[in-house]
Amino acid sequence: MITTYKAAPDIDVLTTAFPIPGLGHLAINAFVLHGEEPVLVDTGPGVERDNFFTALESVIDPRDLRWIWLTHTDGDHVGALGRLLAEYPDITVITTFLGVGIMSVSDPLPMDRVHFVNPGQRITLGSRTLHAFRPPTFDNPSTTGFFDTGSGTLFPSDCFGALLQEVPENAADLSDGELRDGQVFWTTVDSPWMHGVDRGVLARELDAVAGFEPSLILSSHLPAAPGSMIDRFVASLAAVPDAGPFVGPDQAALEQMLLQMAAGPN
Ligand SMILES: [Fe+2]
Ligand SMILES: [Fe+2]
């Protein structure tokens, strides 16, 4: 199920709290940026494609969309992409050379409907100027977040996500412990390379993202967060190299889970 809420007067969040057995819930967010040239940021998970369309149509007439900013090509971000491109010919996809390359092996993007923006570059869409950047953590080489310079809103893609027991609409409603533990754990899952990262390099990357001084943070995998939480987010990520690495359930655990499922809820 996909629900919507407003993160700002001109930004709608399309969200689902995706259950991950034994681990909790992960928010999966897409965003509609209203304005002269409306932008959809990512297109939801494939398993929720139909629900995504219903939710999208409740906040905007999809014919008005001009851009899709594809933060990266993972399945939780490209669910409705193909159908949107097929049905709405005025949409152009903002991505990178790698984004096109990765999509080319499953659902190729039409080359006359893509627009490349690399980290470090800017693009102006109507009254919005969006500054692309590579977030400090990511799970896909095409990942490109952006900072909306006018509104001060940061879109860091998978970065700053959290695995949570319950997903509120505002990250400020999470306790310090829930937020920190959820962000650290999610990051060990999503960016396992963090355990081998150079601490000095990581500190510079975290300083750079905090340097945007955002007023609002819209991660793909966390409820909307006031920009004042950036210092707590950065502290969570700085703790990841010292956290235990994620190890998934093994075959014995899987067989135990299957037995429990076969036995039913009692
Ligand atoms: Fe991802
Ligand atoms: Fe993701």
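What arrangement do the four donor atoms form around the iron ion (ligand 2)? The arrangement is irregular, because the donor atoms subtend angles of 85 to 171°. The model is predicted.

## Iron ion (ligand 2)

Asp76 (OD), His77 (NE2), Asp158 (OD) and His221 (NE2) are the protein donors of the iron ion (ligand 2), at 2.1 to 2.3 Å. Along the chain these donors have the spacing D-H-x80-D-x62-H. His77 sits in the loop between E5 and H2, and Asp158 in the loop between E11 and E12, so this pair ties together parts that are 81 residues apart in sequence. His77 and Asp158 are both buried.

## Iron ion (ligand 1)

The iron ion (ligand 1) is coordinated at 2.1 to 2.4 Å by His72 (NE2), Asp74 (OD), Asp139 (OD), Asp139 (OD) and Asp158 (OD). The spacing of its donors along the chain is H-x1-D-x64-D-x18-D. His72 belongs to the loop between strand E5 (67–69) and helix H2 (81–87), while Asp158 belongs to the loop between strand E11 (153–155) and strand E12 (163–164); the pair therefore ties together parts that are 86 residues apart in sequence.

His72 has a relative accessible area of 1% and is buried.

## The shared residue

Asp158 bridges the iron ion (ligand 2) and the iron ion (ligand 1). The two ions lie 3.3 Å apart. Asp158 has a relative accessibility of 2%, and it counts as buried because that value is under 20%.

Technical notes:
Residues numbered from 1 in each chain as written. Chains lettered and ligands numbered in written order. Predicted model: local features only at pLDDT ≥ 70, side-chain atom pairs only at ≥ 80, totals over all residues. Heavy atoms only, no water. Donors = N, O, S within 2.8 Å, 3.2 Å for Na, K, Ca; no water. Helix = DSSP H or I, 4+ residues; strand = E, 2+ residues; numbered from the N terminus. Buried < 20%, exposed > 50% of the residue type's maximum accessible area, 1.4 Å probe, protein only. Tetrahedral: all angles 85-135°; square planar, octahedral: opposite > 155°, others 65-115°.
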